[in-house]
Amino acid sequence: MKKTTILTILFLTILLTSCIEKNQNLNFAGEDKFSALELEKIPDNLVMNDTTYVPIYSDIYNETKDTRFNLTATLSLRNTSLSHSIYITSIEYYNSSGKKIKEYLNKPIVLKAMQSVEYVIEENDTSGGTGANFVITWSANNKDVAPIFEGIMISTNGQQGISFTTKGVSISRK
């Protein structure tokens, strides 16, 4: 009797906690990691302004042009400066046809020295297609900053796995 009661309580606890939707964007301090980076306004007189294009593949062709392999895609934004912040004012996601699918920022964000943040396109989201991309508009108070913006794509299907990366390139005419 006692054993059945303990098992029932354990089962109900597992069942109830698995139904609670968890916020996957929480940082170690319990704050939403994206809103914790938000600013009302970026600083004036920033000396570096750039726009970066990052190719992303939400799916790729497999065997024929009619068969596709869905991928989980991650946009990784990394501030490589040891002492300077970068300010991201826009992150736009476009599909293969050049149509904007989503704007990821409501407010500018800051990435402090050596800080990074990522945005994920889930495997079942194929709205971007094979030619999807991100366009990131950013600024800094030092011309020597060189952030790394890259895409990481990964997926598995049975015994087959695939992963690869893409690098962002500047598309602004500084």
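What share of the 174 residues in this chain is buried? The answer is 35%. Good morning, everyone. What you have in front of you is a predicted model, so let me start with how far the predictor trusts it.

The mean pLDDT of the chain is 84, and 79% of the residues reach 70 or more. Confidence is lowest in helix 1, residues 2-19, with a mean of 62, and highest in strand 9, residues 133-140, at 97. Please also look at residues 20-27: pLDDT stays under 50 there, and the model gives that stretch twelve contacts beyond four places in sequence.

Now the overall layout. The chain has one helix and twelve strands. Reading along the sequence, you meet the helix and then strand after strand, in the pattern α-β-β-β-β-β-β-β-β-β-β-β-β. If we take contacts between residues at least 6 apart in sequence, 73% of them join residues at least 24 apart. As for the surface, the chain exposes about 11200 Å², and carbon and sulfur atoms supply 53% of that.

Let's walk through some strand pairing. Strand 2 and strand 3, the latter being residues 64-70, pair in the antiparallel sense over four bridges. Within this part, I60 stands opposite F69 of strand 3. The hairpin of these two strands has one residue between them, and E63 takes a positive phi there, near 75°.

The other pairing I'd like to show you is between strand 4, residues 72-78, and strand 8. These two are antiparallel as well, over six bridges. One bridge to find on your screens is T74, whose partner in strand 8 is V120.

Stay with strand 8 for a moment. In a regular strand, side chains alternate between the two faces of the sheet. Here, V117, Y119 and I121 point to one face and are buried, while S116, E118 and V120 point to the other face and are not buried.

Y119 takes us to the aromatics. How many aromatic pairs does the structure hold? There are five. Take Y104 with Y119: the ring centres are 5.4 Å apart and the planes sit at 65°, so this pair counts as edge-to-face. The pair links distant parts of the chain, with Y104 in the loop between strand 6 (100-103) and strand 7 (109-111), and Y119 in strand 8, residues 116-121, 15 residues apart. Y119 is buried at a relative accessible area of 5%. Y104 comes in at 19%, and it counts as buried because the cut-off is under 20%. Both tyrosines belong to one aromatic cluster together with Y93 and F134.

Next, two serines that I enjoyed looking at. S58 is in the loop between strand 1 (48-55) and strand 2 (59-62). Is S58 buried or exposed? It is buried, with a relative accessible area of 0%. Leaving out residues up to four places away in sequence, the residues S58 touches include F69, Y93, I121, D125 and G129. So you can see Y93 of the aromatic cluster and I121 of strand 8 among its contacts. The S58 side chain also reaches the backbone nitrogen of G129, at 3.0 Å.

The other serine, S155, is in strand 10, residues 148-157. S155 is buried too, at 5% relative accessibility. Which side chain makes a polar contact of 2.9 Å with the side chain of S155? That is E123. In addition, a polar atom of the S155 side chain lies 3.0 Å from the backbone oxygen of N70. Beyond four places in sequence, S155 touches F69, N70, L71, E123, Q160, G161 and I162. F69, N70 and L71 are also on the contact list of S58. And S155 is 6.1 Å from T72, C-alpha to C-alpha, although the two are 83 residues apart in sequence.

Before I stop, two backbone details. N45 has a positive phi, near 60°, in a residue other than glycine. N45 is in the loop between helix 1 and strand 1, and is exposed, with a relative accessible area of 72%. M114 is not a glycine either, and has a positive phi of about 65°. You will find M114 in the loop between strand 7 and strand 8.

That's my tour. Thanks for listening, and I'm happy to go back to any of these spots.

How values were computed
Residues numbered from 1 in each chain as written. Predicted model: local features only at pLDDT ≥ 70, side-chain atom pairs only at ≥ 80, totals over all residues. Heavy atoms only, no water. Buried < 20%, exposed > 50% of the residue type's maximum accessible area, 1.4 Å probe, protein only. Contact = heavy atoms within 4.5 Å. Areas by Shrake-Rupley, 256 points an atom, 1.4 Å probe, with all protein chains shown as cover. Polar contact = N/O pair within 3.5 Å; in protein donor to acceptor, adjacent residues only side chain to side chain. Phe/Tyr/Trp six-rings, centres within 6.5 Å; stacked < 30°, edge-to-face > 60°. Pairing = 2+ DSSP bridges. pLDDT = per-residue confidence, 0-100.
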